[in-house]
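Student: Could we go through this model together, one question at a time, with the reasoning spelled out before each answer?

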Amino acid sequence: MILPDVLAPGLHLVFCGTAPSRVSAAKGAYYANPGNAFWPTLVRVGLVPAGWRAADFARMNDLGLGLTDLNKVEIGNDVDLTPDGFDIPGFQAKMRAHCPAAIAFTSKNGARLFLGSKAPLPWGRQPADWEGMALFVLPSPSGQARASFSLGPWQEAAAFVAARRPAPVLG
């Protein structure tokens, strides 16, 4: 396992990538490439506090969020990964064990692999849940995918989480 899962029972949302990049593997942190928009996007949509970065990944459970990848044994871009590296049954078992309210795939490729679908998938919340868990497909935050990045689906996932988080106590 290149990066440890950041999972706990009953999370609001688990982000699922395909596999760590070479930079993330070298730094030992999720989405650690400076060109990756993951952490700035989470700050922008209000899922994590200002200033959070890849080094803070282990604290995600404190916010009701989790992190994992479909391929826990290889690193690199999707074209570098082998079919044998993806453990869809293992991922499904982890999700059943932890039962998050939602799973957000950080690429269409990851969502297609999980769903076993070649059909086009829309961005955002999917029409059907999986075993009671909402599914989101988010545009990849990778710098290599910048041309197809859109904030809207990320905002939709953030609104889902915001609706589940307890309201602050005003005093």
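Tutor: Before we begin, one cut-off is needed: a residue counts as buried when its relative accessible area is under 20%, and as exposed when that value is over 50%. Please also keep in mind that this is a predicted model.

Student: Is Leu138 buried or exposed?

Tutor: Leu138 belongs to the loop between E5 and helix H5 (152-164). The cut-off for a buried residue is under 20% relative accessible area. Leu138 has a value of 0%, and therefore counts as buried.

Student: Which residue lies 8.5 Å from Leu138, C-alpha to C-alpha, although the two are 19 residues apart in sequence?

Tutor: Leaving aside neighbours within four places in sequence, the contacts of Leu138 include Phe15, Phe105, Lys108, Trp123 and Trp154. Ala157 is also among those contacts. The residue 19 places away in sequence, with its C-alpha atom 8.5 Å from that of Leu138, is Ala157.

Student: In what order do the five strands of the open sheet lie?

Tutor: Strand E1 (residues 13-17) pairs with E2 in the parallel sense over five bridges, and here Gly17 stands opposite Asp69. Strand E3 (residues 102-105) is joined to E5 by four bridges, again in parallel, whereas strand E4 (residues 124-125) pairs with E5 in the antiparallel sense over two bridges. The pairing is thus mixed, and the five strands form an open sheet in the order E2-E1-E3-E5-E4.

Student: Which are the edge strands?

Tutor: An edge strand here is one that pairs on one side only. E5 pairs with E3 and also with E4, so it is not described in that way. The strands that pair on one side only are strand E2 (65-69) and E4.

Student: In E5, which residue is the bridge partner of Ile103?

Tutor: Within strand E5 (residues 134-137), Ala134 and Phe136 point one way while Leu135 and Val137 point the other way, and all are buried. Phe136 has Arg125 opposite it. The bridge partner of Ile103 in E5 is Leu135.

Student: Is Gly132, in the loop between E4 and E5, buried or exposed?

Tutor: The C-alpha atom of Gly132 is separated by 8.5 Å from that of Ala102, which is 30 residues away along the chain. For its accessibility, the cut-off for an exposed residue is over 50%. Gly132 has a relative accessibility of 65%, and so counts as exposed.

Student: Why are the buried residues of helix H4 on the same side of that helix?

Tutor: The buried residues of helix H4 (residues 108-115) are Gly110, Ala111 and Phe114. They are on the same side of H4 because the arc that they cover around the axis is only 100°.

Student: What covers the buried residues of H4?

Tutor: The residues in question are Gly110, Ala111 and Phe114. Their cover includes helix H3 (88-98), E3 and E5.

Student: Which residue just after H4 takes a positive phi?

Tutor: Helix H4 spans residues 108-115. The positive phi is about 65°, and it is taken by Gly116.

Student: Over the ring of which residue does the charged end of Lys108 sit?

Tutor: Lys108 and Trp123 are both among the contacts of Leu138. The charged end of Lys108 sits 4.4 Å from the centre of a ring, and that ring belongs to Trp123.

Student: How many aromatic pairs does the structure hold?

Tutor: Ring pairs link Phe15, Tyr30, Tyr31, Phe38, Trp39, Phe57, Phe149 and Trp154 into a cluster. The number of aromatic pairs in the structure is 13.

Student: Are the rings of Tyr31 and Phe38 stacked or tilted?

Tutor: Tyr31 counts as buried at 12% relative accessibility, and Phe38 is buried with a relative accessible area of 0%. Planes under 30 degrees apart count as stacked. The ring centres of Tyr31 and Phe38 are 3.9 Å apart and their planes lie at 15°, so the pair is stacked.

Student: How far is the backbone nitrogen of Phe38 from a polar atom of the side chain of Asn36?

Tutor: Asn36 is found in the loop between helix H1 (22-27) and helix H2 (38-44), and counts as buried at 14% relative accessibility. Beyond its neighbours within four places in sequence, Asn36 is in contact with Tyr31, Pro141, Ser142 and Gly143. From a polar atom of the Asn36 side chain to the backbone nitrogen of Phe38, the distance is 2.8 Å.

Definitions and conventions:
Residues are numbered from 1 along each chain as its sequence is written. This is a predicted model: local features need pLDDT of at least 70, side-chain atom pairs count only at pLDDT 80 or more; totals for chains, interfaces and linings use all residues. Side-chain values use heavy atoms; hydrogens and water are left out. Buried means under 20% relative accessible area, exposed over 50%, partly exposed in between (1.4 Å probe, protein chains only). Two strands pair if DSSP finds at least two bridges between them. A polar contact is a pair of N or O atoms within 3.5 Å; within protein, one must be able to donate a hydrogen and the other to accept it, and residues adjacent in sequence count only if both atoms are side-chain atoms. Contact means heavy atoms within 4.5 Å. The arc is that of the directions from the helix axis to the C-beta atoms. Rings of Phe, Tyr and Trp (its six-membered ring) pair if their centres lie within 6.5 Å; planes under 30 degrees apart count as stacked, over 60 as edge-to-face and the rest as tilted. A charge sits over a ring if NZ of Lys or CZ of Arg is within 6 Å of the ring centre and within 35 degrees of the ring normal.
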